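I opened this model to look up its fold, one helix pair and a few single residues. My entries are below, in the order I made them.

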Amino acid sequence: MEFDWGPIAAAWQALSDQQIGDYEGAIPAEWGGALPTIQNTIDRIKLARDNIAGCVAEVQRVLKC
């Protein structure tokens, strides 16, 4: 069975910096001690978005799709 990765890639590509920033802004103030980890996660989300074709290719390779 062939899986269509297009909608997944399109959704990732459609994430704007503003949307991703809103995710960061939704973090409760009580989590302030986790800010370095949160920023690292935000950076990784942006990196995945900017390289979604490679990410999809790697998932396909691992899953042997």
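These notes go from the whole chain to a helix pair and then to single residues.

Entry 1, the chain. I am working from a predicted model. I counted four helices and zero strands. Going along the sequence, I wrote the pattern down as α-α-α-α.

Entry 2, overall dimensions. I looked up the radius of gyration and found 15 Å for the chain, whereas a compact globule of 65 residues would have a value near 11 Å. The box that the C-alpha atoms fill, taken along the principal axes, is roughly 45 × 20 × 20 Å. I also checked burial: buried residues account for 15% of the 65 residues.

Entry 3, α2 against α3. How do α2 and α3 run relative to each other? I noted α2 as residues 17-25 and α3 as residues 35-50, packed at an angle of about 155° with their axes 10 Å apart. Angles over 145 degrees count as roughly antiparallel, and α2 and α3 are therefore roughly antiparallel to each other. The crossing of α2 past α3 is right-handed. On the α2 side, the contact is made by Asp 17, Ile 20 and Glu 24. On the α3 side, I listed Ile 38, Gln 39, Ile 42, Ile 45, Lys 46 and Arg 49. Sorted by class, this contact has four nonpolar, one polar and four charged residues.

Entry 4, Ile 20. I took Ile 20 next, as one of the α2 residues in that contact. Is Ile 20 buried or exposed? Its relative accessibility is 0%, so I entered Ile 20 as buried. Leaving aside neighbours within four places in sequence, I found Ile 20 in contact with Leu 15, Ile 42, Ile 45, Lys 46 and Arg 49.

Entry 5, Arg 49. I then went to the other side of the pair, where Arg 49 is found in helix α3. With a relative accessible area of 12%, Arg 49 is buried, because the cut-off for buried is under 20%. Which residues does Arg 49 touch, not counting those up to four places away in sequence? I listed Trp 12, Gln 13, Leu 15, Ser 16, Asp 17 and Ile 20. Asp 17 and Ile 20 are among the α2 residues I had already written down for the helix contact.

Entry 6, Ala 9. I located Ala 9 in helix α1, residues 6-13. I recorded Ala 9 as buried because its relative accessibility is 15%. What separates Ala 9 from Ala 53, which lies 44 residues away along the chain? I read 7.0 Å between their C-alpha atoms. For Ala 9 and Ile 20, eleven residues apart in sequence, the C-alpha to C-alpha distance is 16 Å.

Entry 7, Gly 32. My last residue was Gly 32, in the loop between α2 and α3. Gly 32 has 33% relative accessibility and so counts as partly exposed. I checked Gly 32 against Ile 20, twelve residues apart along the chain, and noted 18 Å between the C-alpha atoms.

Notes
Residues numbered from 1 in each chain as written. Predicted model: local features only at pLDDT ≥ 70, side-chain atom pairs only at ≥ 80, totals over all residues. Heavy atoms only, no water. Axes fitted to C-alpha atoms, helices over the stretch in contact; angles between N-to-C directions. Helix = DSSP H or I, 4+ residues; strand = E, 2+ residues; numbered from the N terminus. Parallel < 35°, antiparallel > 145°, perpendicular 65-115°, else oblique. Left-handed = near helix turned anticlockwise from the far one by under 90°. Contact = heavy atoms within 4.5 Å. Nonpolar A, V, L, I, M, F, W, Y, C, P; charged D, E, K, R; others polar. Rg over C-alpha atoms; globule rule 2.2 N^0.38 Å. Buried < 20%, exposed > 50% of the residue type's maximum accessible area, 1.4 Å probe, protein only.
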